[in-house]
Amino acid sequence: MHNGEIEETIQEDLPIMSQTLRDARKYEEINEKRIPKEERPGFHLAARVGWMNDPNGFSYYRGKYHMFYQYHPYNSHWGPMHWGHAVSEDLLHWTYLPAALAPDTAYDGAGCFSGSAVELADGRQLLMYTGVFRRTGSDGIERDIQTQCLAVGDGRDYEKYPGNPILTEKDMPKGSNKHEFRDPKMWRALDGTLRCVAAGGTPERDGRIFLYSSQDGFQWKFEKVLIENNGRFGSMWECPDFFPLDEKQVLLTSPMDMLPQDLEYHNGNGTLCIIGTYDQESQTFTEERNQAIDYGIDFYAPQTILTPDGRRVMIGWMQNWDTCNLHSPEKPWFGQMSLPRELSIVNGRLVQRPLRELEQLWGGKVHYQNVTFSGSMKLEGISGRRIDMEITVRPGDTSNLFQKFSVWFAQDEIYHTSVSFRPRESIVKVDRKFSGSRRAIIHQRRSRVNSKDGQVRLRLILDTCSVEVFVNDGEHVLSATLYTDPSADGISFLADGSVTIDVTKYDILC
Ligand code: FRU
């Protein structure tokens, strides 16, 4: 066989790749070099270059975790959506792979929106995503049309299914909003067949979640409306996920236009967790309780997987549509994922704990026990921007309960971000107003937490551009991004009244 023949054989085996995808792959390979490593998060997945939003296709395939993401490589703002792609063995160290999907067909030319991944019976990986194109209606107004589409691949290269789109307006129940149909999340049911939930709405844009089923991953059938908002939580519900957890069934979704209820749901684009039960036979979800997923500033559109050892792990987009336009347009990248979080249900609430593999990156332990203080102090050896730090807080004087405890971090002479605890109101607050954000808008969120006798446990995980606060072993979590220069690595403790703390800090070596 001479060379020409080999070329031909190889080319036949490769999926046909559009120029749009080729361009994106070339662009990201060249331009990722513009981003100095130390400016990136150390153990959180961020955009390879350009813009990142929702996690997509979070899956375990051929021995690796795969994460795809909503991606606009060409600048740090949202644009025609591609799917970026990265793989990992521990969910903390990520290797970028070439962009997986580009908006390059008539049915997805305006964007490849969010979706999910499963393994097919023949070992290939199936992606289902929302293809978006624009159509001008009889009223002369141009609108987005959203349909569900498939691509099949080997964990690196994907070919769009010739039968696309596979779910269209015709597959929605009567009375549905024709222009809101997106974010399919598939899973394999116990009987080996596939299910999928997707976001839809009423003509008034009130959220509804549709359930579909499939034998083979290619032919899908509408089953039912799994759950309806009925005006309770915001408008459209985006990015649903639906899974069993600790004898219960959980629906995660990210509603738009949310209004606050007491201290729940303070983000305009918020997150919602509904815990209930599911009858497999009749496919009926019965709601029992609801809560926000994350109480910080930046968290949206999470997806979960079941790890090979049976843990339900969630990763969200650690940003929020309401605050994601504050960065300088010159920045070569924007958007990162949250830490992977192990989910469980404890006392009827969704509990999130940092992925246990993080402990394998611990180094440089510094521990203090029973430090009683008032006013402000620093502790020798407690500093850093890539750290895992647990603080146990209790009153220094039980007869005179303190007013407030705070920890300041990412601190230098000018900047700091704080997490504070007010025992009398039982409130934990994250505040990044002095983090160097480009605009002095509201930069704080509060959460009512469980605390008794002025005690609380706060685990702060800092990476270069973020803080995630796990309160009382993950009963409440508050996430926020911060773009303070990484050289601001000071940490101080402040107390209004007498406070006793234990502190354990590890550097995260990555
Ligand atoms: C949620 C979302 C999804 C959509 C995607 C587009 O953040 O609006 O509903 O698929 O982002 O990038």
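**Pockets and cavities in a predicted model**

The largest pocket has a volume of about 840 Å³. A pocket here is an open set of points on a 1 Å grid over the protein atoms alone, with protein on both sides within 12 Å along at least five of seven lines. Volume is the space filled by probe spheres set on the points, which are joined across faces, edges and corners.

This is a predicted model: local features need pLDDT of at least 70, side-chain atom pairs count only at pLDDT 80 or more, and totals for chains, interfaces and linings use all residues. Residues are numbered from 1 along each chain as its sequence is written, and side-chain values use heavy atoms, with hydrogens and water left out.

Return to the largest pocket. Its lining holds 29 residues, those with an atom within 4 Å of a point. Closest to the centre are Trp187, Arg188, Ala189, Leu306 and Arg312. By class, the lining splits into 15 nonpolar, seven polar and seven charged residues.

The second largest pocket encloses about 530 Å³. Its lining counts 26 residues, and Lys331, Gly436, Leu482, Tyr483 and Thr484 lie nearest its centre. Here the split is 10 nonpolar, 10 polar and six charged.

Now the closed spaces. A cavity is a set of points where a 1.4 Å probe fits but cannot get out. The structure has five of 30 Å³ or more. The largest cavity holds about 70 Å³. Among the residues lining the largest cavity are Tyr265, His266, Asp294, Arg445 and Arg446.

Methods: Ala, Val, Leu, Ile, Met, Phe, Trp, Tyr, Cys and Pro count as nonpolar, Asp, Glu, Lys and Arg as charged, and the others, Gly among them, as polar.
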